[in-house]
Amino acid sequence: MEHFTSVADIGDLKKAVAEALQVKHDRFAWDTLGRNKTLVMLFFNSSLRTRLSTQKAAQNLGMNVMVLDVAQGAWKLETERGVIMDGDKPEHLLEAIPVIGSYCDIIGVRSFAGLTSKADDYNELVLSQFVQYSRRPVVSLESATRHPLQSFADLITIEEYKRTPRPKVVLTWAPHPRALPQAVPNSFAEWMNATDYDFVITHPHGYELDPRFVGSARVEYDQHKAFEGAEFIYAKNWSAWADPNYGKILSSDRSWTVDSAKMSLTSNAFFMHCLPVRRNMIVSDSVIESPTSIVIPEAANREISAQVVLKRILETL
Ligand code: AN0
Ligand code: CP
């Protein structure tokens with residue numbers, strides 16, 4: 001594996017899940033593979049899970065890890081090409097990227113969508129510069145349009161918990177007070193479309209995702225109908241993608257919150273969310289605390305997805 005930025009980089013999903021379960025069975029079996037190799041993780045945005053799970057995964061492989069929070073202590077970085085740098089950003093990505101690359105063997109980058117320019121976000125303005133200029137394998141720690149380490153962990157979790165070979169998996173929009181990117185739902189859709197599951201997306205009108213990510217998924221605007229017979233409910237908020245409302249909140253309708261009444265329409269579905277989650281906006285306390293809530297094992301699998309990705313990259317270095 002050269003870079004890891006989308007489902008296309010992981011190849012055969014059955015093989016990837018089998019490798020993940022092998023790693024999970026004995027995560028220290030490759031503890032010399034990363035000897036004298038360094039991972040730098042660069043965060044333009046906050047993180048709890050990605051930061052800890054990816055660092056843990058790298059340590060399981062014997063790697064050294066350095067973490068830089070761009071907002072705390074580093075120079076503010078200009079990302080646009082051709083600007084006169086007379087503002088508050090003293091350094092350009094074009095210097096910062098090769099400098100960081102000179103100190104490490106693999107670079108992880110988290111850079112969310114700005115939600116102001118759809119073109120910048122969907123052209124992956126920041127991530128693509130790391131791929132182009134770092135001369136190092138780049139691992140997405142959530143980019144403007146995708147969160148593949150999350151989606152891979154989600155897939156592993158569904159494979160562990162599914163009760164039928166082709167479960168009905170429902171991605172549902174849910175309300176949130178702040179505008180959030182489409183990266184998590186885009187990526188989840190991309191990974192689910194690469195499986196043979198029965199995959200359904202439900203959201204209010206106006207929250208249509210980019211058709212390139214929706215792919216062959218069924219879109220059902222009636223959330224109750226979508227939940228019928230579901231075996232997995234995957235909740236997430238996202239802001240609008242369609243023009244002219246890109247990045248905007250169109251609805252904070254709490255009738256879309258996932259609660260026990262809605263879960264009772266499902267086939268005793270497991271509840272999933274990538275976290276962090278706002279309780280009683282996205283999901284009720286009773287659902288997230290119920291025995292069918294698998295958000296904690298889902299988050300735990302972030303260590304496993306990251307370890308498979310780092311292991312595969314290390315095997316090519
Ligand atoms: C981020 C998002 O929605 O993309 C990160 C999720 C992993 N969530 C928030 O900013 C709350
Ligand atoms: N799910 C996830 O990526 O969480 P963090 O934003 O805490 O890393």
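This report describes two ligand sites and one sheet in a predicted model.

## Ligand 2

Ten residues would be a long list to learn by heart, but the surroundings of ligand 2 can be read in sequence order: S47, L48, R49, T50, R110, H147, Q150, C274, L275 and R302. Sorted by class, this shell holds three nonpolar, four polar and three charged residues. Domain 1 (7-146 + 302-314) and domain 2 (150-298) each contribute residues to the shell, and therefore ligand 2 lies between the two domains.

Several polar atoms of the protein approach ligand 2. The side chain of S47 places an N or O atom 2.6 Å from an oxygen atom of the ligand. In the case of R302, a polar side-chain atom is 3.0 Å from an oxygen atom of ligand 2. For L275, by contrast, the backbone supplies the polar atom, and its partner is a nitrogen atom of ligand 2 at 2.9 Å. Ligand 2 on its own would expose 260 Å², of which the protein buries 94%.

## Ligand 1

Around ligand 1 stand F112, E142, H147, L180, P181, K236, C274, L275 and P276. This shell is made up of six nonpolar residues, one polar residue and two charged residues. H147, C274 and L275 are listed around ligand 1 and are also listed around ligand 2.

Two side chains make polar approaches to ligand 1. An N or O atom in the side chain of E142 is 2.7 Å from an oxygen atom of this ligand. The side chain of K236 likewise has an N or O atom 2.7 Å from an oxygen atom of ligand 1. Taken alone, ligand 1 exposes 330 Å², and the protein covers 83% of that area.

The side-chain approaches to both ligands are collected below.

| Residue | Ligand and its atom | Distance |
|---|---|---|
| S47 | ligand 2, oxygen | 2.6 Å |
| R302 | ligand 2, oxygen | 3.0 Å |
| E142 | ligand 1, oxygen | 2.7 Å |
| K236 | ligand 1, oxygen | 2.7 Å |

## The sheet

An open sheet is formed by four strands in the order β2-β1-β5-β6, with parallel pairing. Its edges are β2 (64-69) and β6 (138-140), each of which pairs on one side only. On average, neighbouring strands of the sheet are turned by 20° against each other, with direction ignored.

Strand β5 covers residues 106-110 and is joined to β6 by three bridges, the two strands running parallel. V109 has S140 of β6 as its bridge partner. The sheet can also be related to a ligand site: β5 spans residues 106-110, and R110 is among the residues around ligand 2.

Definitions and conventions:
Residues numbered from 1 in each chain as written. Chains lettered and ligands numbered in written order. Predicted model: local features only at pLDDT ≥ 70, side-chain atom pairs only at ≥ 80, totals over all residues. Heavy atoms only, no water. Near = heavy atom within 4 Å. Polar contact = N/O pair within 3.5 Å; in protein donor to acceptor, adjacent residues only side chain to side chain. Areas by Shrake-Rupley, 256 points an atom, 1.4 Å probe, with all protein chains shown as cover. Nonpolar A, V, L, I, M, F, W, Y, C, P; charged D, E, K, R; others polar. Domains from an automatic or database assignment. Pairing = 2+ DSSP bridges. Axes fitted to C-alpha atoms, helices over the stretch in contact; angles between N-to-C directions.
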